[in-house]
Amino acid sequence: MTATVDDLHADLGGLLDRYQDSNESQQSLREAMLAFLTARPDAVRRSCQPGHFTASTLVIDPSRNAVLLTLHPRIGRWLQLGGHLEDDRSVVAAALREATEESGIAELGIDPEPLHLAVHPITCSLGLPTRHLDIRFLAVAPPGAQPVISTESLDLRWFDHHRLPTLAAPDIAELARRAWHRLALPVR
């Protein structure tokens, strides 16, 4: 089933309404995202030039020792998998679709509750400066998962969560820390 812009807008509003985090900056960002969503009926579409929502996923390996990162061709940094909302039935479905497309891994087990919120300036595919308001999720790859590099990546690799690459995006370590905390795993 294809969702309408209104369906995605409503789903995102509900997701942000339910999101709770003890971090004050995360709660402040949640409030700002809700205000932007309320002000912009087109906020779920990449054509919304002042900014638009995206969905991304930090994928953890089945043994829960490593994170899967993609080397983004335009940004030149290692990032979690993700992208724009499209005709997805929900924001979680968009995050799962992007993670599956960019990793080549089927049957990712995605947690439907956001792991983290972020906003960052970017020149998007439209060639104009904008902002991505990113809703970030956590997924665990199934046993035997073998990632396959997509056309949207220069490279795709598993990294031990405490030995992240030098060119990792600045908040990847925070995402990994949150993932290990959510999975109740010891952070080495």
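The second largest pocket holds about 220 Å³ of space. The model is predicted. The pocket lining shares residues with a set of salt bridges, among them Arg177 and Arg178.

**Second largest pocket**
- Its lining consists of Tyr19, Gln20, Asp21, Ser22, Asn23, Pro114, Leu115, Arg177, Arg178, His181 and Arg182.
- S5 and helix H4 (172–182) each supply at least two of these residues, and H4 gives the most, with four.
- By class, the lining has three nonpolar, four polar and four charged residues.

**Salt bridges at helix H4**
- The structure contains 15 salt bridges.
- One of them pairs Asp21 with Arg178, with the closest N and O atoms 2.6 Å apart.
- Asp21 sits in the loop between helix H1 (5–18) and helix H2 (24–39) while Arg178 is in helix H4, so this pair ties together parts that are 157 residues apart in sequence.
- Asp21 and Arg178 are both buried; the relative accessibility of Arg178 is 11%.
- Glu174 also forms a salt bridge with Arg178, at 2.8 Å between the closest N and O atoms; the two are four residues apart in helix H4, about one helical turn.
- Glu174 meets Arg177 in a salt bridge as well (2.9 Å, N to O), and these two lie three residues apart in the helix.
- Arg177 is partly exposed at 41% relative accessibility, and Glu174 is partly exposed at 26%.

**Largest pocket**
- The largest pocket has a volume of about 650 Å³.
- It is lined by 33 residues, with His72, Ile75, Leu79, Gly82 and His132 nearest its centre.
- The lining has eleven nonpolar, twelve polar and ten charged residues.

Notes
Residues are numbered from 1 along each chain as its sequence is written. This is a predicted model: local features need pLDDT of at least 70, side-chain atom pairs count only at pLDDT 80 or more; totals for chains, interfaces and linings use all residues. Side-chain values use heavy atoms; hydrogens and water are left out. On a 1 Å grid over the protein atoms alone, a cavity is a set of points where a 1.4 Å probe fits but cannot get out, and a pocket is an open set with protein on both sides within 12 Å along at least five of seven lines; lining residues have an atom within 4 Å of a point. Grid points are joined across faces, edges and corners, and a volume is the space filled by probe spheres set on the points. Ala, Val, Leu, Ile, Met, Phe, Trp, Tyr, Cys and Pro count as nonpolar, Asp, Glu, Lys and Arg as charged, and the others, Gly among them, as polar. A salt bridge is a side-chain nitrogen of Lys or Arg within 4 Å of a carboxyl oxygen of Asp or Glu. Buried means under 20% relative accessible area, exposed over 50%, partly exposed in between (1.4 Å probe, protein chains only).
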